[in-house]
Amino acid sequence: MSVMEQDSAGVPARASLFNDPKVRGIFYQLLLVVVLGLLGYFIVSNTITNLERQNIASGWGFLSNTAGFGTNQSLVPYSETSSYGRAIYVGFLNTLLVAGVGIFCATVIGFVVGIARLSNNWVINRLAYCYVELVRNIPLLLQIFFWYFAVLRSIPSKREKWSFFDTFHLNIGGLRVPKPIWEPGSQWIGYALIIGFIASFLISRWARKRQEATGQQFPTLATVLGLIIGLPLIAYFIAGMPVSLEHPNFVESGPILLQGFELNVGINVIPEFLALTAALAIYTASFIAEIVRAGIQAVSHGQTEAAHALGLRNGQTLRLVVIPQAMRVIIPPLTSQYLNLTKNSSLAVAIAYPDLVSMGGTVLNQTGQAIEIIGIWMMVYLSLSLITSAFMNWYNQRMALVER
């Protein structure tokens, strides 16, 4: 039995200062701050000392120096005379490209496989199951090597090709596709496309409100496709067809060194990009498939029965009833997979794809500015992750259940 000690006036005796939980909490927090401050001071001072010992000047002035190295993929004008800052910018854009294409492909494959995992067809169900269990249990780096060294190295050499529809050509040099040539007047196609997107957004919003108020559906998908595709097509013909295609030119005869695809004709998608995108998309899709399957199974089966009772077919039930409710479960883990895919794109350095890490690594080796380069890497990937999380959180709130 505990007895509270009291003084002669009947007032409870005060506990010692060290036994006061509030004081003790403040003491330990201050101690932690002091330790962190000392640790930070040690790291900074040690870094400055090492930099001075190696005659390396800190700062960002090196970004304006000439890079002196080239790259096999650049979305903006770049040459060996460009600056280090331009080289890092090229790597950043390449990272954005592979992450964007990878996320799109992984989402499509993941949703298809996730729905196939719940199919009543035994063959489709087992194929989807084998895909998920096989792909997600093999390290991503090995899959990148598989696509780059095993698959893309077995296709024809530079003096041969595989052609698809006589338009797309594939060999060990990459995928060759026609390049659009924009002539005067083609800007009207861009304006029509922008108008199509804006009109699609407004019509989709109006159709949703109309359905909520009256229950009547509007052919939104067909209307949106018509606006986004139809309006630019109309502008294309009205402007006198100002866009032409430059097809890749393949030289089959003549000196052996000149055989193959002509340089700077058409668009060449390099094999490093193909291998990296395929590996990232297929690997991440195996996780997304399980997320989609779990999300659909989280929706009560009564919802499906109620939809069937209203006369909806299986496809309509899945698209209009089950998937919208499952998205509330799917979106949070789906966000994590998007972040993982973006960060995993840094493995591109293993096959020499010129992403941010690869280009930054070359700059680091030439300049020795390790702290600045690593700081750029950290800030870029942190910013991409925060922007992706913010967008997905906004989308998750839009999909949240609204009670009336």
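Which residue forms a salt bridge with Glu 290, the closest N and O atoms being 2.9 Å apart? Let me begin there, and let me say at once that what you have in front of you is a predicted model, and that everything I describe is computed from it.

The partner is Arg 293, which forms a salt bridge with Glu 290 at that separation of 2.9 Å between the closest N and O atoms. These two residues sit three residues apart within helix α7, which is about one turn of the helix. Glu 290 also forms a salt bridge with Arg 117, and here the closest N and O atoms are 3.2 Å apart. Since Glu 290 belongs to helix α7 while Arg 117 lies in the loop between α2 (84-116) and α3 (122-135), this pair ties together parts that are 173 residues apart in sequence. Taken together, Arg 117, Glu 290 and Arg 293 are linked in a network of salt bridges.

Is Glu 290 buried or exposed? Its relative accessibility is 13%, and because the limit for buried is under 20%, Glu 290 counts as buried. Arg 117 is buried as well.

The count comes to three salt bridges, and one that I have not yet mentioned joins Glu 133 to Arg 136, with the closest N and O atoms 3.1 Å apart. In this pair Glu 133 is partly exposed, with a relative accessible area of 26%, and Arg 136 is partly exposed too, at 27%.

Let me stay with helix α7, residues 271-298, and turn to its packing against helix α4, residues 140-151. Two packed helices are described by the angle between their axes and the distance between the axes. For α4 and α7, the axes come within 8 Å and cross at roughly 135 degrees. How should we describe the orientation of α4 and α7 to each other? An angle over 145 degrees would count as roughly antiparallel, and 65 to 115 as roughly perpendicular, so a crossing at roughly 135 degrees leaves α4 and α7 oblique to each other. As for handedness, α4 passes α7 in a right-handed crossing.

Next, the surface. Trp 188, Tyr 191, Ile 194, Ile 198, Phe 201 and Leu 202 make a nonpolar surface patch of about 680 Å². Among these residues, Trp 188 lies in helix α5, residues 187-214, and with a relative accessibility of 51% Trp 188 counts as exposed, given that exposed means over 50%.

Two backbone details may interest those of you who look at torsions. Asp 166, although not a glycine, has a positive phi of about 55 degrees, and its place is in the loop between β1 (162-164) and β2 (168-171). Asn 264, again a residue other than glycine, has a positive phi near 60 degrees, and Asn 264 lies in the loop between β7 (260-261) and β8 (267-269). On accessibility, Asp 166 is exposed with a relative accessible area of 62%, and Asn 264 counts as exposed at 73%.

I will end with Leu 382, which is found in helix α11, residues 370-399. At 45% relative accessibility, Leu 382 counts as partly exposed. Its C-alpha atom is separated by 9.9 Å from that of Leu 339, a residue 43 residues apart from Leu 382 along the chain.

Technical notes: Residues numbered from 1 in each chain as written. Predicted model: local features only at pLDDT ≥ 70, side-chain atom pairs only at ≥ 80, totals over all residues. Heavy atoms only, no water. Patch = residues over 30% accessible without salt bridge, like charges linked within 9 Å, V, L, I, M, F, W, Y side chains within 5 Å. Areas by Shrake-Rupley, 256 points an atom, 1.4 Å probe, with all protein chains shown as cover. Salt bridge = Lys/Arg side-chain N within 4 Å of Asp/Glu carboxyl O. Helix = DSSP H or I, 4+ residues; strand = E, 2+ residues; numbered from the N terminus. Buried < 20%, exposed > 50% of the residue type's maximum accessible area, 1.4 Å probe, protein only. Axes fitted to C-alpha atoms, helices over the stretch in contact; angles between N-to-C directions. Parallel < 35°, antiparallel > 145°, perpendicular 65-115°, else oblique. Left-handed = near helix turned anticlockwise from the far one by under 90°.
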